[in-house]
Amino acid sequence: MKTKLTLILIFFLTNSIYTNAFILPVKDAGIDLGISKSLHPINDEEEPSAEPGVTLSGYITDNSNGEILIGATVYVSELGIGTASNSYGYYSMVVSGGTYNLEFSYLGYNTHSVKLKLVDSKIMNISLADLSERLEEVVVSAEKSNNNVESVKMSVVKMPVKMVKKLPSFMGEVDIIKSVQMLPGIQNGGEGSSGLYVRGGGPDENLLLLDEAPVYNASHLMGFFSVFNSDAIKDIQVYKGGIPAQYGGKASSVIDIRMKDGNNKSFHGSGGIGSISSRLTLEGPIIKDKWSFILSGRRTYADVVGKMAGIDELKENKLYFYDLNGKTNITLSDKDKIFASVYTGNDAFTLGESLYMRWGNLTGTVRWNHIFGDRWFSNTSLIYSKYDYNLGVPGNGAEQFDWSSQIKDYNLKQDVTYFLNPNNKMSFGFNSILHHFVPGKIEVNENSFFTDIELTHYNALDNDIYISNEQKIGSNLTLQYGFRYSIFQQIGDGQLREYQNPEKPIAEEITNVEDYSSGEFIGKPYTNLQPRVAGKYSLGSTSSIKASYTRMVQNLHLISNTNSPTPLDIWLPSNKYIKPLIIDQVAVGYFRNFMNDAFETSIETYYKDMTNVIDYKDGAELFLNEDLETELLEGTGYSYGLEMLVKKQTGKFTGWASYTLAKTMRKIPGISEGKAYPSNYDRTHDFSLILSYEINKYWNVSANWLFSTGNATSYPVSKYNVQGNTMYAYADRNSYRIPNYHRLDASVNYDFKKNDTRKYKQSLNLSFYNVYMRRNAYSVTFRQNEDNPNISEAVRLSIVGSIIPSITYNFSF
């Protein structure tokens, strides 16, 4: 029996290993330097070796600054196979010994070609030159890799930062999250909101990662800006479905954002001075080609400028944000690299001596990359993340108080990749997180008429393991399969309240409160197996069909009855009364490229089934409520939709058009008599058109137009009078819509002509937000008419109702 089990295990490991090998199209090759000293091109006359199992591996980087290139492709034309660099720029592939023509390519870079004789395993580090670098010895390829067609990944969009920076900006600040909101299947939470609704999911269902550290609130200035400074960002990948097993913790999407590593070739700086903010980035080598750094910061100064201009409203008030990104990386050897990154950002709002509010994020990541042999790649990460806020009244008066809340994570993460052969690559690892929650705490001084309040703290252990496998079967079929297994356990110190009816807890029916000491398990753990399966079938070099099934489990819950995140939201873990949100998603798509891959097109359809969906009772009281579980209702939901995308990323004319047709419903006992009703995140139609045109090397113009169905809401259908007060009776939940949303933005960018001859380069950006001055409704409420109380009138709240111009001076050196 043991022998049979051993043979079965060996068979699985040798036939079911995860890989990202796939066929890539042959491209016109350009020539660039970057071959490692251990390799050399060969002549056609040399005979190939017959040795099997030769491994070719190395890093692919940017020739100008040493930045790693994520997702760069390596193609072996004789074998018709290829692979792609991972999140750290590393690639590895196993081939039979012989002579091969290799092509290294990356979008926006010159293709690098070399003919190579492989006798034994070799390390080949490649540097690719940006297309903007005009080198006489380089033949620039106008074609683009069809990775979107050949990769097994679906429901994934990669956002080039260079394209994001060309888009119109709000108040001079280019915003990554706002750009993501213009992709198919992703909607925003309304004007001035950084919340994302991904395929019917809520704003808390998105795993936002900055160098692997989770970011719990991505908004600055109440949502008008995000915390991600584009000058410090290198790569953005958005997963809406078919999510790899290495990701978990949130139910609807993953937005994986990677910071720049810092220029390890020479010292450089860049920045900008805008209408309400300025930014500065410095980067360079500490030891050339070995050790580099980057520091990037920005701050708004409307409060400072307003005071200098004598604006009365700003003399005693403050409203600003700042953030700072820092990173360093050290190459210890050919097999070892160390990365350390940190982000800190805060918003501050002060209304004289009446009110103050502050919120911010702090993240830190230390990573160690190690290569075992030539087929094993390991990444070990230590991660810290904290989000906290304060709200209060300053001074020593009777109204003084300070309210604070926070969520804090300590995370150990291990990822290993094993490159078995050209058709198989295996990934596995674990993730262990300690969560600490402080839902609410009020501290007062001796003169305040308030009292000290501190809600119960929560702690939880979140442990996950995963294994994944991507396997190429024949020349057309590629499968990716695996699973993630999670164990979520609430621990002390803390308290657990017992109710007469645990299935429907009521605050007045508490029977017991049990205390737990530090580290003691509270209740039973939630364990969940999360299968992940995806497949791609090639119909040729320009088209393919893809399908995926994904189960995601979420044990962290945002307690908020608003449509978009606010700084004062509360996070709670799954516990005895709040179950994990479980989502099963199936997606099918057709992908097709045209005109030598210049145009990418795709059409996807999906269906999501949701279990343990949380919603709120009518009139729920969430503010400083010790018994929040008594205000929550639990049920099911579903979402389905159709997404279409046309994108062009090369040439003078670039941009994309996206359309989403979708429906999202909830069915929760206790709401709308148990009937299904539209979710707060239901949007029937969503359309985005983004265009950018390079007139010449100095002038660039861009514009975007957005349209979406109005948010679901509840309107009153009748009213009655109680002791002189008008009361409203409302229709079923979310049975009406606020007016549709649409907006046009435009921008012009000018690069100074002197940039051609000087190291100090300058540009000007002029942007216009809300060009035709649409007063989009953020919400619609009802009130009595002041002149005739018998008449009720609708009141539209609009955040922006006029055109907002901005000008930004950008520079680099």
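Reader: Let's start with one rung of a sheet. Which residue in S17 is the bridge partner of Ile236?

Author: That's Ile257. Bear in mind that you're looking at a predicted model. As for the general idea, strands of a sheet pair through backbone hydrogen bonds, either parallel or antiparallel. Here, strand S16 (residues 233-239) and strand S17 (residues 253-259) pair in the antiparallel sense, over 6 bridges.

Reader: What is the strand order in the open sheet of 5 strands?

Author: Read across, the order is S9-S16-S17-S12-S13, and the pairing is mixed. Strands S9 (156-158) and S13 (213-214) stand at the edges; each has a single partner strand, so one side of each is left without a neighbour in the sheet.

Reader: Now a hairpin. How many residues lie between S38 and S39?

Author: There are 4 residues between them, and one thing to look for in the turn is Gly651, with a positive phi of about 90°. Strand S38 (residues 632-648) runs antiparallel to strand S39 (residues 653-667), and 13 bridges join them. If you want a rung to click on, try Val646, whose bridge partner in S39 is Ala657.

Reader: Which other strands does S39 pair with?

Author: S39 pairs with S41 (residues 685-694) in the antiparallel sense, over 9 bridges. Phe653 has Tyr693 as its bridge partner in S41. S39 also pairs with the strand S40 (residues 677-678), again antiparallel, through 2 bridges. There, Met665 stands opposite Pro678.

Reader: What about side chains along a strand?

Author: In a regular strand the side chains alternate between the two faces of the sheet. For a case to inspect, go to strand S28 (residues 458-473), where you'll find Asp464.

Reader: Is Asp464 buried or exposed?

Author: Asp464 counts as buried because its relative accessible area is 9%, and the cut-off for buried is under 20%. Its side chain makes a polar contact with the side chain of Arg484, at 3.3 Å. Beyond the neighbours within four places in sequence, the contacts of Asp464 include Phe430, Asn431, Tyr485 and Gln530.

Reader: And Ile473, where does that sit?

Author: Ile473 also lies in S28. With a relative accessible area of 40%, Ile473 is partly exposed. Its C-alpha atom is 7.5 Å from that of Asn423, though the two residues are 50 apart along the chain.

Reader: I'd like an acid without a salt bridge. What is the nearest side chain of opposite charge to Asp204?

Author: That's Lys250, 6.8 Å away; Asp204 is buried yet has no salt bridge. For a salt bridge, the nitrogen has to be within 4 Å of a carboxyl oxygen. Asp204 is in the loop between strand S11 (196-198) and strand S12 (206-210). Leaving aside its neighbours within four places in sequence, Asp204 is in contact with Lys250, Gln554, Leu556, His557, Leu558 and Trp571.

Reader: Zooming out, how many helices and strands does the protein chain have?

Author: The chain comes to 6 helices and 51 strands. Of its 813 residues, 56% are buried. If you take contacts between residues at least 6 apart in sequence, 67% of them join residues at least 24 apart.

Reader: What share of the accessible surface belongs to carbon and sulfur atoms?

Author: Carbon and sulfur account for 59% of an accessible surface of about 34100 Å².

Definitions and conventions
Residues numbered from 1 in each chain as written. Predicted model: local features only at pLDDT ≥ 70, side-chain atom pairs only at ≥ 80, totals over all residues. Heavy atoms only, no water. Buried < 20%, exposed > 50% of the residue type's maximum accessible area, 1.4 Å probe, protein only. Polar contact = N/O pair within 3.5 Å; in protein donor to acceptor, adjacent residues only side chain to side chain. Contact = heavy atoms within 4.5 Å. Pairing = 2+ DSSP bridges. Lys, Arg positive; Asp, Glu negative; His and termini not counted. Areas by Shrake-Rupley, 256 points an atom, 1.4 Å probe, with all protein chains shown as cover.
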